[in-house]
Amino acid sequence: MDEVEFMRGRVYGADHDNPGPRAGRVYAHLVGGPLDGLLLDVTDLTEQERARGVTLATEIGRYGPGGRSAYTPRPGDTRRFDWRGDVP
């Protein structure tokens, strides 16, 4: 199994022993960039927070450890957050 296949269906920030989605939670798919294929738990985000998008810590982006990746909801499909780039 390669790294891309391993990451699919996993929830960003979830415990390694239980990486899948949980019942009763709402998820968005991360599309593109270093976190492509991961799910993001957006259950506790307000509509305004979701509309602004998220910046997520990742060591596998352009800036390595300490770097972050920016994702914003796709127009017309808020269940998908598209990658906008990496930031230091």
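This is a selection-by-selection tour of the predicted model above.

Residue numbers start from 1 along each chain as its sequence is written. Because the model is predicted, local features are listed at pLDDT of at least 70 and side-chain atom pairs at pLDDT 80 or more, totals for chains, interfaces and linings use all residues, and side-chain values use heavy atoms, with hydrogens and water left out.

**Stop 1: the sheet**

Switch to a cartoon view and select the strands. Strands here are DSSP runs of E with at least two residues, helices are runs of H or I with at least four residues, and both are numbered from the N terminus. 5 strands make an open sheet of mixed pairing, in the order S2-S1-S5-S4-S3. S2 and strand S3 (54-57) are the edge strands, each of them paired on one side only. Ignoring direction, neighbouring strands of this sheet are turned by 35° against each other on average; the axes behind such angles are lines fitted to C-alpha atoms, for helices over the stretch in contact, with angles running from 0 to 180 degrees between N-to-C directions.

Two strands count as paired if DSSP finds at least two bridges between them. Begin with S3 and strand S4 (residues 68-74), which run antiparallel and are joined by 4 bridges. Here Ala57 stands opposite Arg68 in S4. Move on to S4 and S5, which are also antiparallel and share 7 bridges. On that seam, select Tyr71, which stands opposite Trp83 in S5. S4 and S5 form a hairpin with 2 residues between them, and Gly76 in the turn has a positive phi of about 85°. S1 and S5 then pair in the parallel sense, over 3 bridges. Leu30 has Phe81 in S5 as its bridge partner.

**Stop 2: the nonpolar core**

Leave Leu30, Tyr71 and Phe81 selected, since they belong to the largest nonpolar core. Add Ala28, Leu35, Leu38, Leu40, Val42, Val54 and Leu56 to complete its 10 residues. A nonpolar core is a set of buried Ala, Val, Leu, Ile, Met, Phe, Trp, Tyr and Cys residues joined through side-chain atoms within 4.5 Å. Buried means under 20% relative accessible area, exposed means over 50%, and partly exposed lies in between (1.4 Å probe, protein chains only). S1 and S3 are the elements that give two or more residues to this core. In soluble globular proteins, nonpolar side chains tend to be buried together.

**Stop 3: Asp82**

Next, select Asp82, in strand S5 (residues 77-87). Is this residue, Asp82, buried or exposed? Asp82 counts as buried, because its relative accessibility is 12%. Show its surroundings: leaving aside residues up to four places away in sequence, Asp82 touches Val31, Ala70, Tyr71, Thr72 and Arg74. Contact means heavy atoms within 4.5 Å.

Asp82 forms a salt bridge with Arg74, the closest N and O atoms being 2.8 Å apart. A salt bridge is a side-chain nitrogen of Lys or Arg within 4 Å of a carboxyl oxygen of Asp or Glu. Arg74 is partly exposed, with a relative accessible area of 27%.

**Stop 4: other salt bridges**

How many salt bridges does the structure hold? There are 5 salt bridges. Side chains of opposite charge can pair when their charged atoms come close.

Select Arg25 and Asp44, a salt bridge whose closest N and O atoms are 3.2 Å apart. Arg25 lies in the loop between helix H1 (3-7) and strand S1 (27-31), and Asp44 in the loop between strand S2 (39-41) and helix H2 (47-52), so the pair ties together parts that are 19 residues apart in sequence. Arg25 is partly exposed at 28% relative accessibility, whereas Asp44 is exposed at 62%.

Then select Arg80 and Asp77, whose closest N and O atoms are 3.3 Å apart in their salt bridge. Arg80 is partly exposed, at 32%, and Asp77 is partly exposed, at 21%. Elsewhere, salt bridges with shared partners join Arg25, Asp41 and Asp44 into one network.

**Stop 5: Gly67**

Finish at Gly67, in the loop between S3 and S4. Gly67 is buried, with a relative accessible area of 4%. Which residues does Gly67 touch, not counting residues up to four places away in sequence? They are Leu56, Ala57, Thr58, Val87 and Pro88. For a distance label, pick the C-alpha atoms of Gly67 and Pro88: they are separated by 4.6 Å, with the two residues 21 residues apart along the chain.
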